[in-house]
Structure formats: structure tokens, C-alpha cells
Amino acid sequence: MCDPILKAAHLSKSYGKVRALEDVSFELFSSEVLSIVGESGSGKSTLLKLLSGIIEPDCGRVTYRDKTGTLLSIFDIPDSLKRKLLRTELGFVWQDPKEGLRLKISAGGNIAERLLAGGLRSFGEARAKSIWWLNRVELPVSRLDNTPEEYSGGMRARLQLAKNLATNPRVLFLDEPTAGLDVSVQARILDLIRGLSSEFGLAVVLVTHDLMVARLLSQRILVMKDGLVIEAGLTDQVLDDPIEPYTQLLVSSILGEA
Amino acid sequence: MEANTENTAIAFKDICKTFTLHNLKAQIKALSGESYTLSFGQCLAINGPSGIGKSTLLRCLYGNYLVSSGEIKINHRGKMVDLVRASQREILEIRTHTISYVSQFLRVIPRVSALDIVAAPIIEKGLDKETALERAREYLLKLNIQERLHKLPPMTFSGGERQRVNIARGLARLSPILLLDEPCASLDFPNRQVAMELFLNAKAQGVAIVGIFHDAEARESVADVTCNLQAPKA
Ligand SMILES: Nc1ncnc2c1ncn2[C@@H]1O[C@H](COP(=O)(O)OP(=O)(O)OP(=O)(O)O)[C@@H](O)[C@H]1O
Ligand SMILES: Nc1ncnc2c1ncn2[C@@H]1O[C@H](COP(=O)(O)OP(=O)(O)OP(=O)(O)O)[C@@H](O)[C@H]1O
Ligand SMILES: [Mg+2]
Ligand SMILES: [Mg+2]
């Protein structure tokens, strides 16, 4: 079997006395969707930010295998290279859209900015690509020149997605991307992500509180509590036959069947 | 001793499964030492009263439930692999290429058409999209799902139609091992016969089947051997 595209080894991170993450290790492969679930404050966003090199751990390593097959130790490479990766091969959809978008420039401008930073030269091409991706995430093209300030929460999430996908990333980090979307748009977004992962090998780490989304989209799942991964396995196995008390509680607290 | 292993599709030994329900502080013993060896082209029927552990056994064979102890050897591309000790990625591989599981109900995915639902596992195996869609269409038609429904998501289908999509999905990928959990329970008589005919065909092609069949007549028509689950000793 092929090598992982991303590998986390013994990641730990504390904020003062708060242990946000403790000794987390796993591997992620191309074409794979891995979901991360767990209660609020369990360290999910912290983990995503570490994996993408946005913040640094107290200890541990993240290794990314880039487009050319080179293994990069994310906390050892120069900041400039890290930033470049985040504008091109890695995508990050933030839980808080203010972090992922510039609220005062137009939607089209947000997408074009990433494309141009990623190496695209032509403004015309950037605009054409922006329109194409707005369509893919089902945002009305008529809103291209509006700023995200004028967008709803769900629209902002989709704009972040369009912006990130525009550079054809190889790994996508998604922090609650479907929160605040109505069911039918949510389904469309899930479909889009599933398609990109199976057809183009996109690897996805998906933080979600929605176990149904985890079930439909991911092959594997990590369950977090108090900064620890307390249970990990195939998504259907963990959701159908949870072993840990906390996971059993999480699964049974969902009304109906997840 | 292990004569004819090349033809062994699946061999499970001493499978035990106990569920621990933490919030109820309860333990449920569902399986206590089931063993069986099945060859390609054979069908094993799992039998027993409701709640005895039939679905549990089948789910263990798919890696959907973790066994408490025991081993499950699967003939995956000519090699016997122990599902109990396999990595998560190995299990996914085995599911993609070797084991197909037809549950009692289809889990519908919003906005994905019946045709795409059936084609997806074929594409996952590595076949090209066109071939996959063509084979998906063929199996949907075999199960009397009319062409006009193929492009629709099964969300709005009747229970029986959904279940036939589910069976088509399980069969069209042509896996060497087929697990069936009461696949015909929600089908009317003519469709039940169509489905049973397809299972018999698969068997004739060398597919190994482990199945739960509600209906005794159906069971007898397809099963070569029956495994009667007994209430576990406390
Ligand atoms: N920059 C920070 N400074 C101080 N504490 C922080 C910081 N970031 C996170 N924390 C703390 O670390 C812990 C984990 O936070 P994190 O944001 O990773 O949780 P989460 O699992 O994403 O929660 P949620 O589901 O609510 O988004 C929390 O206790 C949080 O208060
Ligand atoms: N995920 C689970 N968590 C806890 N207990 C379970 C789980 N799945 C099954 N059980 C229990 O295991 C026992 C066997 O259930 P199983 O579904 O295997 O029965 P069955 O023989 O298939 O019954 P039926 O004919 O009614 O479908 C039951 O007591 C059931 O409640
Ligand atoms: Mg968070
Ligand atoms: Mg059952």
C-alpha cells in the first residue's frame, strides 16, 4: 500500500494549564476522508491548526509528503514555504470564517487573491476560475462582487471552500464546514467533497459534530475527549459498535439513527 | 489437515462477542464461540430466533463489529488474511475487493442517484466509470428497477425498491464473498424470487455466501449448510 500523505506523531499542545492536545498520532492517506468528532473544547480545532502548521506544538511532529514526493517536516521548514503550502497544496476551511476570509473584499477578490498568491498570473483567468468554483459550491454568481460581510454563515463556509478548492489542494482541513447549512446545500457540499476525494485523490481531515456527516463522508474516525484520542477506527465500526463509555454516550445521544 | 485451503473463502473460529453497555452497566453476550469454514460456491445460512446474534455474527465477518475474541480468516486475493488483526486500511481494501455486505435497509445518501449508488463500489474497485454505470444499470434492471428511476435518489423510493437497489449494489460489484442480512425481508413474492435466483447464480459462479434468510423455503433453496445459533451459556 502507498505511503501516507500526512503523518502526525505524538502531538501535544497546552495553553497555560489547559491541555488542549495530548500525544496524538495518526496517518492520513490520499483519497481518504478522516473525521474527528468530540465535545466542545476537546482539542479538534487545535489539532487541525497543528496539522496544517498554523500553530506549533509543544512536542511532536507533522510530516507532509508534497507533490514531488518530498517529505517535509512541517515545524522544521521555513515559514515562507509553510505559507506557500497553505496557499496551494493545503486548504483550510476555518470554523470562524473571519479567519479564513477577508470580510471587506469581494467574494471574487477572496478567491482571486488565493489564486494569484498561488502563482496564477492572469486576472481574467482568476475571475473565470472564481465563477466556476462559486458554481460548484452553489453560490449564486450574481453575488461574486458582494463582500462576505453581506453573506450568511452558510454562504461564508461555502465561499471558504470555493477559495480553497480553487488551487486544487492535495489535503483539505475542514473545521465544521457544514454547520449552518440547510440539508440540501449540505448534501451538495458533501457530494462535492466525496467526488474530489475519490476522483482526484484529495485527502480530507474533517472536524464535525454531525455524526451523520461523518458516516456519509469518512472512511475512518477519531473520537476526542479532553485533548486525547480515546477511540479510533473505521467510521461504521466506531458508530455501530462503540467501545468507550464516552463514544457510546455520543452515539446514543443522537436522536434516531446516525 | 487443512485440505483444499485454496478453495476456502472464509474460515472463522471461536468467535465471541460481548457488548458492554456502560451507561446501563450491562453486558450482553451475543456470540460464544462460533466456528465455520466455508468454500467458494457454497452458502452458509445463519439461523436462530430473534435476538440470538445472527446479525452480530454477520457484522463481525464484515469488520463492522469488533469481536471480543476469535479469528476470521478471509481469502483476500488468494491469501488468508485475519480480519481481526488486520489494519483499518486492510479491512477497507478487503471490503473493496473481496467482501460485499447487503444490509437489511439501504442507507440513502441525499442527492445521489440510484445508478450512482450502485456504480460507486464498482468504480472504487478500479473499473472505469462507463463500465461501472453500464453494469449498475444492468443489475438495477435485473432487480426490476425501471430505467426512469435510475437517475433519482432512492430517498423517495418505496421500501421494496430501496432494498432492491441495495441488493443490486451488493451484487453488481461481483465480490467473491457475499454477506446477506435478510435481504428479501421487504420484498414482495415475485421480487423475492428474482433476488433468490440472482443469489443462486452468484453461487454457481463461485461466490461464497453467508446469509440470514427469514423465510425457511428461501433458506432451503440456497443454503448448503446451516449454522444454528444457540443461546449462549450465561
Ligand atoms: N489560543 C488559545 N489560548 C488559550 N486556550 C486555547 C486557545 N485555543 C484553544 N484553547 C483551549 O484549548 C482547548 C481546546 O480547544 P479547541 O478549540 O481545540 O476545541 P474544539 O474541540 O475545537 O472545540 P469546539 O467544538 O467548541 O470548536 C479548549 O479548552 C480551549 O479553551
Ligand atoms: N451495537 C450493539 N450494541 C449493543 N448490543 C447489541 C448491538 N447489536 C446487537 N446487540 C445485541 O446483541 C444481541 C443479538 O442481536 P442481533 O441483532 O445479532 O440478533 P439477530 O439474531 O440478528 O435478531 P433478529 O432476528 O431480530 O434480527 C441482541 O441482544 C442485541 O440487542
Ligand atoms: Mg473547534
Ligand atoms: Mg438481525
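Here is a walk through a predicted model with a chain A and a chain B, from the contact between them to a helix and the cysteines of chain B. Residues are numbered from 1 along each chain as its sequence is written, while chains are lettered from A and ligands numbered from 1 in the order in which they are written. Since this is a predicted model, local features need pLDDT of at least 70 and side-chain atom pairs count only at pLDDT 80 or more, though totals for chains, interfaces and linings use all residues; side-chain values use heavy atoms, with hydrogens and water left out.

Let's start where the chains touch. Chain A puts 29 residues into the contact and chain B puts in 24, with contact meaning heavy atoms within 4.5 Å. The size of an interface is often given as the accessible area lost when the parts come together. Here chain A and chain B bury about 2200 Å² between them, 54% of it on carbon and sulfur atoms; that is accessible area (1.4 Å probe) lost on putting the two parts together, summed over both.

What about charges? Five salt bridges link chain A and chain B, each being a side-chain nitrogen of Lys or Arg within 4 Å of a carboxyl oxygen of Asp or Glu. One of them joins Arg59(B) to Asp240(A), at 3.6 Å from N to O. On the chain A side, the elements that each supply at least two residues are H7 (183–200), H8 (211–217), E10 (228–234), H9 (235–240) and H10 (245–252). These labels are DSSP runs numbered from the N terminus: helices (H or I, at least four residues) and strands (E, at least two). H7(A) gives the most to this side, with seven residues.

Now over to helix H3 of chain B, residues 114–124. Its buried residues include Leu115(B), Ile117(B), Val118(B) and Ile122(B), where buried means under 20% relative accessible area, exposed over 50% and partly exposed in between (1.4 Å probe, protein chains only). The buried residues of H3(B) pack against helices H4 (129–142), H5 (147–150) and H6 (159–172) of chain B. Just after H3(B), Gly126(B) takes a positive phi of about 115°.

Last, the cysteines. There are zero disulfides over all chains, a disulfide being a pair of cysteine sulfur atoms within 2.5 Å. For Cys16(B), the nearest cysteine sulfur is that of Cys60(B), 10 Å away, and Cys16(B) is partly exposed at 22% relative accessible area. Why is Cys43(B) without a bond to Cys184(B)? The sulfur in Cys184(B) is the closest cysteine sulfur to that of Cys43(B), but at 11 Å it is too far for a bond. Cys43(B) is buried, with a relative accessible area of 0%.
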